[in-house]
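The following questions and answers examine how parts of one protein model are arranged. Please consult the sequence and the structure while reading.

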Amino acid sequence: MNGKYLENTYEEWKASRYAKEGRACQSCHMPDRRHLWRGVHDEPTMRGGVTMRASDPVRAGPAIQASLEVRNTGTGHRFPTYVTPKVIAEIFQSDRAGKMLRGTLRQYVIARVVSADLSTEISDTRLAPDEAATFDYLETIHPNAVSLTYRMRVEPDAFYAGLFESLLAGGPAVRGEKMIRTALAASLRSGFTFNEERRPLPGQEAGIQPRRVTVVGADRQYSQIKGHSPRGKE
Ligand code: HEC
């Protein structure tokens, strides 16, 4: 597909420092030789896969500005693996109770997106071992905002969710519709937050003008979903 194999995990690992350091797949996936393969559905494993580095938020006129660096520091291959999961880096303003304030959310998708029939790659923004991407935040300050929250979420079964949705879009008389709906609900429920950090908003600093930080991540285009609430539970 687009000159790339669908599953390239072994080759990615072989080219990484982990192979040179002699860290095999089992060293991460079966620690202490427990016979349990830990992966994308496991919160500690996901948290250990990447490192989040949040900048302190800065007030710039009517806006709040910040950035979030996400680096693949603990995954021996591209993060996330395969085409099924979707990782979402999110920055939003929160109120005194830590709740997300409407209209302040910015999201960046880290995933390999392919068509439902697997024939075409739409985009690949995954991070190779030790690679980083920096996401920017620049939004008008919400009157109730007291802090900025940086968060990483994963929808481990995003590809299946998309597949089920495209099947259901086939019309009202789709065969096995009830089963597909049940499967869709289950794949949406599997999403969870694996890393979160909150920083207080500073007082007004004089002379700082709003400025757009560039999104850096090799030469890829990160898709942004702005002002849109993520699927599943909040
Ligand atoms: C340095 C640690 C590390 C090494 C070495 C490593 N992995 Fe991983 N792997 C991870 C982490 C962290 C995740 C979870 C994040 C993700 O999905 O990318 C993961 C996820 C996966 C997944 C997805 C699992 C799921 O639940 O769907 C597969 C499959 C996988 N790795 C295979 C391999 C194979 C095969 C090797 C060896 C060639 C390997 N890994 C080496 C850390 C590692």
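Q: In a left-handed or a right-handed crossing, how does H5 pass H6?
A: This is a predicted model, in which local features need pLDDT of at least 70, side-chain atom pairs count only at pLDDT 80 or more, and totals for chains, interfaces and linings use all residues. Residues are numbered from 1 along each chain as its sequence is written. A crossing is left-handed if the near helix is turned anticlockwise from the far one by less than a right angle, and right-handed if clockwise. For H5 and H6, the crossing is left-handed.

Q: Why does H5 count as roughly parallel or roughly antiparallel to H6?
A: Helix H5 (residues 158-168) and helix H6 (residues 177-189) pack with their axes 9 Å apart and at an angle of about 150°. Here helices are DSSP runs of H or I, at least four residues, numbered from the N terminus; axes are lines fitted to C-alpha atoms over the stretch in contact, with angles from 0 to 180 degrees between N-to-C directions. Angles under 35 degrees count as roughly parallel and those over 145 as roughly antiparallel. The angle therefore makes H5, relative to H6, roughly antiparallel.

Q: How many residues surround the ligand?
A: A residue is near a molecule if its C-beta atom, placed from the backbone, lies within 6 Å of it. The closest residues are Cys25, Cys28, Gly39, Gly49 and Gly76, and the residues surrounding the ligand number 24.

Q: Which elements give two or more residues to the shell around the ligand?
A: The secondary structure of the protein chain comes to 6 helices and 11 strands, where strands are DSSP runs of E, at least two residues. The elements that give two or more residues to the shell are helix H1 (9-14), helix H3 (25-29) and helix H4 (43-49).

Notes. Parallel < 35°, antiparallel > 145°, perpendicular 65-115°, else oblique.
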